[in-house]
Amino acid sequence: MIEISDRAAELAAFQEVIAGALAGHSAVIRITGPAATGKTELANAFTALITQPMLVLRATALPSQPPVPFSVVNQLTNEHADAETAEAMAPLAKSLEELQSYHFSDAESSTRSRNGVHDAFNALCRAFPKAASRHPTVVVVDDIQHADDESLSLLHSLVRNLQAIGCILIVTESGPVNPRVESLRAEMLRHPGFRNIRIGRLSREGVAHMVGTAPGLSDGTAIDRAWYDLSGGNPLLVRALLQDYKQSSDSAVIAGDTFKAAVASCVTRCDAATRRVLHALAVLGDDYSPQELRELTHLDEKSVTDALASLTEAGLVRDGQFGHEAVRSAVADSMDPESRAKMHRSAAEMLSHDTPVTGSQTIRTATHLLTIDPMPDTWALNALENAAKQSIAMDDMPFAYKCLLHAVRGCQDQPRADQLTVRLAEVEQDIDPVGAQRHLDALGRAICAGHLDNEQTAVAIRHLARHGYHNEARAGLARLTGAYEQVTRVWAAGTYPALADPQVPNATLSKFWTVGSMPSEFATDDDGSEPLPAQTYRDTITSLAMALRGDPPKAVRQLAEHSLQQCLVVESCPASAVYAIEALVYIDHVDEAVSWHEAFMRRINNRRRYLITAMAWIRAEMAMRKGNPAEAIAYADTSRTEAAGWGAIAVVGRAVTIQANIEMDRHHIAQEQLRTLLPSKALESRYGLHYLYARARYHLAADQSFTALHDLLKCGQMMRDWRMDVPTLVPWRSAAAEAYVSMGQLAKARALADEQMEMPGGQTYRIRGISLRAKAATTVLSERAALLRAAISDLQQAGDQIELARAYADLGHACQRSGQSSQARWAMRHAAELARQHHAHALYQDLQMTKGFPSFRPAGKTLSEAEHNVAKLAARGFTNREIADQLFITKSTVEQHLTKIYRKLKVSGRKDIVRNLSANSD
């Protein structure tokens, strides 16, 4: 048995009581305190101190409604394992049997029966002290507050006669004062040998001592504050924690099954009122008011206060709240499921009827409703939907998802269920894009059934279009009216242009690109003004439309940044902010786009997976436009681009990954990306244009000009058909010009380069620089350097480091062919340095292979020609087997060469070889 802590004084006093009993002196000991604080254990510890022969009678009063007559006395007289005690109590047992025969007689109403009960009861009252007087006796009654009236009367008689018989009576009592025990309590107080011992929870030191002296624990057991925090100083809970600790392989204290059972035992030992308060606390949680606690328990203020005081003494509650979540959870688990659900429903109804209803009350109401199945009534659906809206505004998408999912499952009205499903799909898309796909069929059916209003239909269209359900999305577009129709068609024309109805003439569709005709009244607030979320959505879509149409960059930037500023005001940080950031990217204002991206990433909740991933892919596109392929790959994250469920927007990440790996001379990775299947109908979206361009760049790098040209011309035709043929979106003409040059069709190449500069957006620094470089390749040698210097000037302003490196490389080639050797070396060094700094390994390797470019010859020890050949291939990322195949040597020879290369260059691996190639080439 675990040693009792903090009880030394009580144990010493009881030894004096024992000595007095053996000398013929009686005593009454009353041990009080909250449930499960060690009263029974202390009573047992008292009896364990008895070393002389004494008769020990034990009984435990159990709570029952109504109390069973004579249940305590029956335990004292009949339930004895040893023969000596049974013999001593035999007369008392006989008297009790006679009394019970009268008490349970069917003829109780007769005068004879009443007289018999009276006589038998008096006989038992005389017999009980007499039986106790024959031997030194200790009577222990646990939980006296639950004792039946008949047993209390007999104990009352025993106390009255104690002085004459030299007996010790020990009773334990907890909870509020029970009026039925009051008479016995008064009699005990009058006894000269009365002692009252108040038991509370253990101190921190007491818990530490109890744990530290427990058998079976290693000397290295850490006794930290967690033992006290979990147990609250309750000895029963400390013992349970010790049991769980011994059975666990964990080095830290845990609240296991034994702990949960011990908490349940504490709950059972509480009186009805205290137990009701305990259950209410488990249901309400920490955020409650005293009035709510009284209303939920149907108790008055004094009863609730007394119950909280008792629970605090027991270590279960601190400052009106559970001391630890594990205790709250165990109390909740101990409740009957039906009773728990009933109390949650009562709490939800109570909170929903409070006025005024605050945002926090809405969330609390929903928290209770989430535990109820099936859904009670319509009011509960409304409460869950309101809580979902509140959670979205607070950027708590997971809780909004739980509310909407529960509402959908509990809704019996199909139109209402369809409307809730739209919201559910929208929220789930943000936190679990893969899981959100399960709603697509339901959304299509809801549109066809006409169950959705304009706003809900617009949301469903976006979700359906994203995953290639274009027929269903077109059906939704046909049902829209007014402002929602116009704005949704503008969104579709700019993001999923294939949704346009082929039967609608272009002249009719063109009005949706006329920004000035777009109405502002999605809906109005009570004062007639437009709600801010609706306004920001309209403005972000409009800014993207303007960028794709080729409107003046200044106007696009002004509206995009205005809408982004408004988005920051909206608490939920709307996903439509992506459109305005894309607008800035598509007018080549990449630096501004990066700043806004960073501002939003600081605000976005990390649980919003879809929005975070979409922002990452857009950020990867920005990195590519700045000529930073390594950074682009880090943002694109290949694993995300391969994940199902993201829809067409995933193609942006795929396209960036392909382009970046081409620049970094990792063609095998780019090839793997090209072999991966695309999301359904992805090429029928604006994002598909990025993919076609990236695929064409791959074919150009592989000297497959005809295949590349096919993709580029297809991309250009789609952009013209969709009325978004702006080079700042995808500069397909300059890439096609590159293909034509390789095929010897210089006139076509020159025409495309000139046309690109004449297009809307063609005069941005980046596009003009790219176009001038493409045009330079089509001109005579004498004119080429001037065009390339102009391209360099523009690209320096634009900040596209890889395109700038290419322009320098082309200038170096042109100067070299013109006999300007020093100018050629100067230009090539600039190109090589830019390529090296920005991980453009393919370009850097091409420069190294250029005739006249300074060969790699490191300072100090010189590599042999064989070692130099191996070093160049290793720097390009070839494996040992691939190098062996290229140079027609064995793999073992390659390994030997690499060992010598590392030693001579004083490097530790392949990644350092390319830096040495660059550093020793200038």
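Biologist: How many aromatic pairs does this model have?
Modeller: The count comes to six aromatic pairs in this predicted model. Rings pair if their centres lie within 6.5 Å.

Biologist: What makes W596 and F600 a tilted pair?
Modeller: The ring centres of W596 and F600 are 6.4 Å apart, and their planes stand at 40 degrees. Planes under 30 degrees apart would count as stacked and planes over 60 as edge-to-face. The value for W596 and F600 falls under neither heading, so the pair is tilted.

Biologist: How do you know that W596 and F600 are separated by about one helical turn?
Modeller: Both residues belong to helix α32 (residues 590-601), and they are four residues apart there, which means about one helical turn between them.

Biologist: Are W596 and F600 buried or exposed?
Modeller: Buried means under 20% relative accessible area. W596 has 14%, so W596 is buried. F600 has 1%, so F600 is buried too.

Biologist: Why is the pair of Y808 and W826 called edge-to-face?
Modeller: The planes of the Y808 and W826 rings are at 80 degrees, and the ring centres are 5.7 Å apart. An angle over 60 degrees counts as edge-to-face, so that is the name for this pair.

Biologist: Which parts does the pair of Y808 and W826 tie together?
Modeller: Y808 lies in helix α44 (residues 801-817), while W826 lies in helix α45 (residues 821-837). The pair therefore ties together parts that are 18 residues apart in sequence.

Biologist: Why does W826 count as partly exposed, and what is Y808 called?
Modeller: The relative accessibility of W826 is 37%. Partly exposed lies between the cut-offs of 20% and 50%, so W826 takes that name. Y808 has a relative accessible area of 6%, so Y808 is buried.

Biologist: Which residues do ring pairs link into a cluster?
Modeller: That cluster is made of W491, Y496 and Y687. W491 appears again in the largest nonpolar core, as one of the residues with the most contacts inside it.

Biologist: Which other residues have the most contacts in that core, and how many residues does the core have?
Modeller: The core has 102 residues, and I581, F600, L689 and L729 join W491 among those with the most contacts. Helix α38 (residues 686-701) gives the most to this core, with nine residues.

Biologist: What is L689 in contact with, leaving aside its neighbours within four places in sequence?
Modeller: L689 is in contact with C715, M718, M719, W722, M724, L729 and V730. Apart from the largest core lies another, of 54 residues, which includes V283, L296, V304 and A307.

Biologist: How do you know that helix α33 is roughly antiparallel to helix α34?
Modeller: The axes of α33 (residues 609-625) and α34 (residues 629-636) cross at roughly 170 degrees and come within 8 Å. Angles over 145 degrees count as roughly antiparallel, so α33 and α34 fit that description.

Biologist: Which residues make the contact of α33 with α34, and how many belong to each class?
Modeller: From α33 come A616, W617, R619, A620, A623 and M624, and from α34 come P629, E631, A632, Y635 and A636. By class, the contact has nine nonpolar, no polar and two charged residues.

Biologist: Where is D395 found, and what can be said of its phi?
Modeller: D395 is in the loop between α20 (378-393) and α21 (397-410). Its phi is positive, about 65 degrees, although D395 is not a glycine. The relative accessible area of D395 is 7%, under the 20% cut-off, so D395 is buried.

Biologist: What makes K681 partly exposed, and where is its place?
Modeller: K681 has a relative accessible area of 34%, which lies between 20% and 50%, so K681 is partly exposed. Its place is in the loop between α37 (667-675) and α38. K681 also has a positive phi, about 60 degrees, without being a glycine.

Biologist: Where does G200 lie, and how far is its C-alpha atom from that of E313?
Modeller: G200 lies in the loop between β5 (194-198) and α10 (204-212). The C-alpha atoms of G200 and E313 are separated by 5.7 Å, while the two residues are 113 residues apart along the chain. With a relative accessible area of 23%, G200 is partly exposed.

Note on methods: Residues numbered from 1 in each chain as written. Predicted model: local features only at pLDDT ≥ 70, side-chain atom pairs only at ≥ 80, totals over all residues. Heavy atoms only, no water. Core = buried A, V, L, I, M, F, W, Y, C linked by side-chain atoms within 4.5 Å. Buried < 20%, exposed > 50% of the residue type's maximum accessible area, 1.4 Å probe, protein only. Helix = DSSP H or I, 4+ residues; strand = E, 2+ residues; numbered from the N terminus. Contact = heavy atoms within 4.5 Å. Axes fitted to C-alpha atoms, helices over the stretch in contact; angles between N-to-C directions. Parallel < 35°, antiparallel > 145°, perpendicular 65-115°, else oblique. Nonpolar A, V, L, I, M, F, W, Y, C, P; charged D, E, K, R; others polar.
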